[in-house]
Amino acid sequence: AARFKLSGTDRRLLIASGSAAGLAAAFNAPIAGTLFVLEEVYHNFSPLVWLTALAGAIGSDFVSLNVFGLVPVLHLSYSRSLPVSSYWHLILLGILLGLFGYLYQRILLVMPRWYRNLTHLPRPLQGIVPFLLVILVGYFAPNLLGGGNGLIVGFGQYVPSLLVLIAIFVVRFVFSMISYGSGLPGGIFLPILSLGAVIGAIYGVFMNQLGLLPHVYIMNLIIFSMAGYFAGIGKAPFTAILLVTEMVGNLTHLMPLAVLSLTAYLVVDLLGGAPIYEALLEQMTMPKTVQQLHRPDRLEIPVFFGSPLNGKMVRDMPWPKEALLIGIRRGEQEVIPHGDSLIHEGDSLVILTDATKRTYVEYQIGKILKGFIK
């Protein structure tokens, strides 16, 4: 975008495309990469966004496949499908994943404050803490380091005992908090998946010891738990389901993946958890100290099925004074709006605003729509 001197919507579209492309290349998951941008970043299914993101994801995945081959990133095999009579395990495991997912959110968000209060180190030097700890972990348990993909794949050959699994979970959970909370560049995407896999292994081994789950289904729960844990923490169930499906390379288990992911999602939602990436962004965004230059920007508001906007005239909406409705995209056509224009399901409202007011306008329109629902 900088090279072609693009700004506003065009710049954000390229960033979205790059995000989807990066995820698709890293995890061999182009559909999940596209959905991540739509579900976690934009929170809507704008045709312009998903087409651009999908193009970037497919392009990067094509290059990745030519370099690394066609084998999925986490090539795990499990012999049979979980019977419907055992689906109650998915509900219990989903509740467990939701509780631990909410705990992960809360601790991760307070880590910067804990670093400041406990270490009294300046923010740029707080990375010394995980640097010193990683030496100890690497010396005594080198297999616990890294993103966790080796750990997950290792479950396909051997699942450790219950006490060993609990120790692995504690070490990886604590170190994930310390590592990311230090402010060093890093990520939580793959660590979340690996923690979910360990929770699934703990539950599966525990239930197997109680005689309530055959050993052959433990690997199923390990795989399903990756999606469930990510769905709860990221509050992005569609992305979680497709991501694990594409990474594992098996399309036959969408139903149990969906049941587990939605259960974990509901638990986190009932506890008041927010999407982790949105919460981290809000925490990282500093107040503006210098007033930015005013520049026009566009945003699209999709009108979904069942939206309170459906059937309303443009003049019936109390639009924010910082916004101007300049167009209504209806299929391949763009309607120039006036006061008597009717808004229909499937439309995309094109709104002009100042770049510095974009987030505020989106928030205000969201409040207006909630008011219509009530």
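**Exercise 1. Find the accessible surface of the protein, and the share of it that belongs to carbon and sulfur atoms.**

Solution. This is a predicted model, and its accessible surface comes to about 19700 Å². Of that area, 66% belongs to carbon and sulfur atoms. Now turn to what is covered: buried residues make up 46% of the 374 residues.

**Exercise 2. Work out whether the protein is as compact as a globular protein of its length.**

Solution. Begin with the secondary structure, which comes to 13 helices and four strands. Next, take the radius of gyration, 23 Å, and set it beside the 21 Å that the globule rule gives for 374 residues. The two values are close, so the protein is as compact as a globular protein of that length. To picture the outline, note that the C-alpha trace spans about 70 × 55 × 45 Å along its principal axes. Finally, look at the contacts with a separation of 6 or more: residues 24 or more positions apart account for 78% of them.

**Exercise 3. Count the charged side chains and say how far apart the centres of the two sets lie.**

Solution. There are 24 positive side chains and 19 negative ones. The centre of the positive set and the centre of the negative set are 9 Å apart.

**Exercise 4. Classify the ring pair of F36 and F189, then do likewise for Y104 and F173.**

Solution. A pair of aromatic rings is described by two quantities, the distance of the centres and the angle of the planes. The protein has nine aromatic pairs. For F36 and F189, the centres are 5.6 Å apart and the planes stand at 65 degrees; edge-to-face requires an angle over 60 degrees, so this pair is edge-to-face. The pair links distant parts of the chain, with F36 in helix α2 (residues 30-42) and F189 in helix α8 (residues 189-209), 153 residues apart. Both F36 and F189 are buried.

For the second pair, Y104 and F173, the centre-to-centre distance is 5.7 Å and the angle between the planes is 80 degrees, again edge-to-face. Here helix α4 (residues 88-119) supplies Y104 and helix α7 (residues 162-181) supplies F173, with their positions 69 residues apart in the chain. Y104 and F173 are buried as well.

One further step: ring pairs join F36 and F189 with F27, F230 and Y277 in a cluster.

**Exercise 5. Decide whether T263, I178 and L342 are buried, partly exposed or exposed, and list their contacts.**

Solution. Buried means under 20% relative accessible area. Take T263 in helix α11 (residues 254-270) as a start. Its relative accessibility is 13%, so T263 counts as buried. Leaving out residues up to four places away in sequence, T263 touches I91, G94 and I95.

I178 sits in helix α7. With a relative accessible area of 16%, I178 is buried too. Beyond its neighbours within four places in sequence, I178 is in contact with M111, Y115, V129, P130 and L133. From I178 to T9, 169 residues away in sequence, the C-alpha distance is 36 Å.

L342 belongs to the loop between β3 (333-335) and β4 (348-354). A relative accessible area of 37% lies between the cut-offs of 20% and 50%, so L342 is partly exposed. Setting aside neighbours within four places in sequence, L342 contacts G311, K312, M313, R330 and D347. The C-alpha atoms of L342 and Y277 are 36 Å apart, with 65 residues separating them along the chain.

Technical notes. Residues numbered from 1 in each chain as written. Heavy atoms only, no water. Helix = DSSP H or I, 4+ residues; strand = E, 2+ residues; numbered from the N terminus. Rg over C-alpha atoms; globule rule 2.2 N^0.38 Å. Buried < 20%, exposed > 50% of the residue type's maximum accessible area, 1.4 Å probe, protein only. Contact = heavy atoms within 4.5 Å. Areas by Shrake-Rupley, 256 points an atom, 1.4 Å probe, with all protein chains shown as cover. Lys, Arg positive; Asp, Glu negative; His and termini not counted. Charge placed at Lys NZ, Arg CZ, Asp CG, Glu CD. Phe/Tyr/Trp six-rings, centres within 6.5 Å; stacked < 30°, edge-to-face > 60°.
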